[in-house]
Amino acid sequence: MGASDNGLIRQHLIDPEICIRCNTCEATCPIGAITHDSRNYVVNADICNHCMACVPPCPTGSIDNWRNMPRSIAYSVDSQLTWDSLPAELSTQELEAAGVASNDLASAQAAGADVAHARLIADTLATQQSEQPGFDASAVAAMMPPWSAAHPYTNLYGPRAPETSIKATVVGNARVTAVGRDYDTHHIVLDFGGMPFPVLEGQSIGIVPPGVDALGRAHHPRQYSIASPRNGERPGYNNLSLTVKRVLEDHQGRPVRGVASNYLCDLQLGDTVEVIGPFGASFLMPNHPKSHVVMICTGTGSAPMRAMTEWRRRLRRSGKFESGKLMLFFGARTQEDLPYFGPLQSLPRDFIDINLAFSRTPTQPRQYVQDLMRARAADLAPLLADRNAYFYVCGLKAMEEGVVLALQDIAREAGLDWSEVANSLRRDARLHLETY
Amino acid sequence: MSTINYSEKIPNNVNLAEDRTLQRALEQWQPNYLRWWDDMGPDGSQNFDVYLRTAVSVDPQGWAQFGAVKMPDYRWGIFLNQAEQDRKIHFGDHLGEDAWQDVPGEHRANLRRIIVTQGDTEPASVEQQRHLGLTCPSQYDLRNLFQVNVEEGRHLWAMVYLLHKYFGRDGREEGEALLERRSGQQDNPRILQAFNEPTPDWLSFFMFTYFTDRDGKFQLCALAESSFDPLARTTKFMLTEEAHHMFVGESGVSRIIQRTCAAMNELRTDDPQKLRAAGVIDLPTLQRYLNFHFSVTIDLFGSDESSNAATFYSSGLKGRFEEGKRTDDHRLKGQVYRVLNAKDGQLIEREVPMLNALNEVLRDDYIRDSIGGVERWNRVIEKAGIPFRLKTPHKAFHRNIGALAGVKVSPDGQVVSDAEWAARVDQWLPSVNDRAFVASLMGRVVEPGKFANWIAPPVMGINRQPVDFEYVRFN
């Protein structure tokens, strides 16, 4: 999918303005992809396999530059040797002019192109965000965790950690949507045995699918939110769960078999999986008594919400959170598509306020989570004004704007100053977005 | 074995635990080293938490681990690059023979001398720089200084390991002496003169790390070719660390230039007095510092004709820069090289046997390499639209070693009389006035993200951290 099929590559480049020509990268590269003349050090795109071995030893950071380029017009060694500075990233229009179809570009970006590095996936997502014109939901979003969040461990396993990955054993794999649909979603439980892998609700992990892509390179890791609370899917055990939807078509509806999701959904009990992470240090839940949590999600975006809900449920007997509200806005195409529909129904009403929106129920008008939020404005407005209320949004990128606009309308109609509310949501780390 | 064993007192990847004699010797040296660090390491900084990189293995993924560390707790240890299987000697009289895993008796004295001379520069530079932390222009720069310092300390460990492991009692005594000499001390100075000069201010520090640490790079590169395999593997790993030191120098000077050019364009002036009044370092002063550090550093390569250099090469102790990439016969017998001499008030070129001129060969390679960076500094000036170019001075300028020591030469290569030299030296080398001015700028800026007025912030932080990251916690 993505990168290899449509000829788009993530080209590795060295910034000649920052590079000091120390030769460390060339000496480090295990496959001779880096060369130099008296002027510049450059990377040969035909040889570089993105192994990242050159990145940590570079003293300047100049080595860590990447551009989305159609393979046919990738920068040659000769042209790079003449540079005094890096060229700008090609615009979508320029890429299209070079023969890259726009939806190929989108899917390549969403897939994080072909770089085997979780950080670079994040970079690409950031680029996408900045490219979105008009309303910028992320301007309201928090960069930090709530003040009462527990301290997360991150990047314990990965390319920059002493251990590059950890093996987990599959101890559960169950379908959590109704049977008989084209799309199915699985609840997968991974056990880490005696190996340390401490996580918090809201964090994610990376799964490294086995095998290689069409170009013979190792697959890059795919990120999944953790669906279980900090003390394990099964309390007291060193395991966690994921909510994985089998991907059979891309965002545009064209057939594509997702590499990692199909691998995960087909796993058998006892299989081992290569994992990196944990990731995420801001999408974390508050832990102080009287903190309210408003959760807004679609599809598998429910994973972190399930984790937070379950942690609060386990703590419920402690009595600490008696006045802390949980509110859930959960959208799916139909009731059959909605993960965990059954278990959700059995949660007590006085514990969590559940609102379900279905956009494709036959004979019913289409309903989205933001419609339900507007319908519940009377309950949401006081929470927007309450510094103890925290909002979490997880799901497809497209929902982000609608949700934040709904919050804005609710605040204004209640006579609140939106700029003040928005400021508090960001500054007090009360609004957290995780979309893909 | 590339993983470093941190459960041991001395982190290492050389199976130290299996060599009890060596382990005991190094464990006795370790407290003396720490005492030296306490006495002569960065002044008043022992309790700071510094965002340092530490090696956990010598492979690419493991050698740059970042975290907040108190400097005395830094895991100094012994790291050698992976051994190359069946490595052969690739230059000199022993070309084609197996590389030595032990020291041949006939080369013992020379190798010891090479290792001691290299080892002596490492603690010397820490001593030279120990007061700079008190006048740092930012937390970012302070962190870089400390990183340079702890790695110089580790380079001393690397050399002391070789001395202890391969030179017996003599080696242990040399190891102690490395901790006893002091930079600039009259009765027990460091071996090389450039390492007895003070590093009084941050401009000197950046120039030093650009020019003098680059000498280190060239010496290490030449030693990385050595037939004595443990020396080659040790110096190869040191080179990876050395790159950061040159980065500190090159980017430091570049940021000073950037700030000066910005001020020149703001104030629309190139008058040094007005620029000094605005608190930035004028470009002519930068040129004089450059002249000084360049000329002092090229002296470090030694005499232009040296029978020692010939011996070191032919016997396989020390190769040329990038020996493996050269395509000649790697023996050099009967070949010639042109060196510069002074005769009757004129500079003349003379042909001498190449083997005897190997110091000069290495010096010329060094000059080519250091000019490249000066050209990159010029691009910063050019970008600002200012018609001024920095230039490395002539090779014969301000030399105190070799055949050029007796002659006075201007930066553009004209032989001048003693009287003319005396009249113009303040245009060519930093004057007392220049040094006093630069010293007057040296305040202490330690608020995260803030920078002294005379230097621009860097383009990016360390290890992708933001520029205003808290690189040092003062506790």
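This is a short dialogue about reading strands, helix packing and a loop residue in a predicted model.

Colleague: Let's begin with chain A. How many residues of strand β14 are buried?

Modeller: Seven of the seven residues in β14(A), which spans 389-395, are buried, and the strand is mostly covered.

Colleague: Which residues lie on each side of β14(A)?

Modeller: A:Ala389, A:Phe391, A:Val393 and A:Gly395 are on one side, while A:Tyr390, A:Tyr392 and A:Cys394 are on the other. Every one of these is buried, and both faces of the strand are thus listed as covered.

Colleague: Which strands pair with β14(A), and in what sense?

Modeller: There is β11(A), residues 292-298, which pairs with β14(A) in the parallel sense over six bridges. There is also β15(A), residues 431-435, whose pairing with β14(A) is parallel and runs over five bridges. To find the register by eye, look for A:His292, which stands opposite A:Ala389, and then for A:Gly395, which stands opposite A:Thr435 in β15(A).

Colleague: Now a loop. Where is A:Gly193, and is the residue buried or exposed?

Modeller: Look between β6 (185-191) and β7 (204-208) of chain A; A:Gly193 belongs to that loop. To judge its exposure, count the C-beta atoms around it: 12 or fewer within 10 Å makes a residue exposed. A:Gly193 has 11 others within 10 Å, so it is exposed.

Colleague: What does A:Gly193 contact, leaving aside its neighbours within four places in sequence?

Modeller: Its contacts are then A:Thr169 and A:Asn238. You can also find A:Asn239, 46 residues apart from A:Gly193 along the chain, with 7.8 Å separating the two C-alpha atoms.

Colleague: How many residues does each chain give to the contact between A and B?

Modeller: Chain A gives 18 residues and chain B gives 18 residues. On the side of chain A that touches chain B, 10 residues are nonpolar, six are polar and two are charged.

Colleague: On to chain B, then. How many helices and strands does chain B have?

Modeller: Chain B has 12 helices and five strands. Of its 475 residues, 50% count as buried. If you take the contacts in chain B between residues at least 6 apart in sequence, 69% of them join residues at least 24 apart.

Colleague: How should I read the packing of α5(B) with α8(B)?

Modeller: Start with the axes and the angle between them. Helix α5(B), residues 202-223, and helix α8(B), residues 283-299, have axes that come within 9 Å and cross at roughly 30°. Angles under 35 degrees count as roughly parallel, so α5(B) is roughly parallel to α8(B). The crossing is right-handed. By class, the residues of this contact are seven nonpolar, four polar and one charged. Among those from α5(B) are B:Leu203, B:Met207 and B:Phe211, and those they meet in α8(B) include B:Tyr289, B:Leu290 and B:Phe294.

Colleague: At what angle do α3(B) and α4(B) cross?

Modeller: Helix α3(B), residues 139-166, crosses helix α4(B), residues 168-180, at roughly 155°, and the axes come within 7 Å. An angle over 145 degrees counts as roughly antiparallel, so α3(B) is roughly antiparallel to α4(B). From α3(B), the contact is made by B:Leu156, B:Val160, B:Leu163, B:His164 and B:Tyr166; from α4(B), by B:Gly171, B:Arg172, B:Glu174, B:Gly175 and B:Leu178. By class, that is five nonpolar, three polar and two charged residues.

Definitions and conventions. Residues numbered from 1 in each chain as written. Chains lettered and ligands numbered in written order. Predicted model: local features only at pLDDT ≥ 70, side-chain atom pairs only at ≥ 80, totals over all residues. Buried ≥ 20, exposed ≤ 12 C-beta atoms within 10 Å, placed from the backbone. Helix = DSSP H or I, 4+ residues; strand = E, 2+ residues; numbered from the N terminus. Pairing = 2+ DSSP bridges. Contact = placed C-beta atoms within 7 Å. Nonpolar A, V, L, I, M, F, W, Y, C, P; charged D, E, K, R; others polar. Axes fitted to C-alpha atoms, helices over the stretch in contact; angles between N-to-C directions. Parallel < 35°, antiparallel > 145°, perpendicular 65-115°, else oblique. Left-handed = near helix turned anticlockwise from the far one by under 90°.
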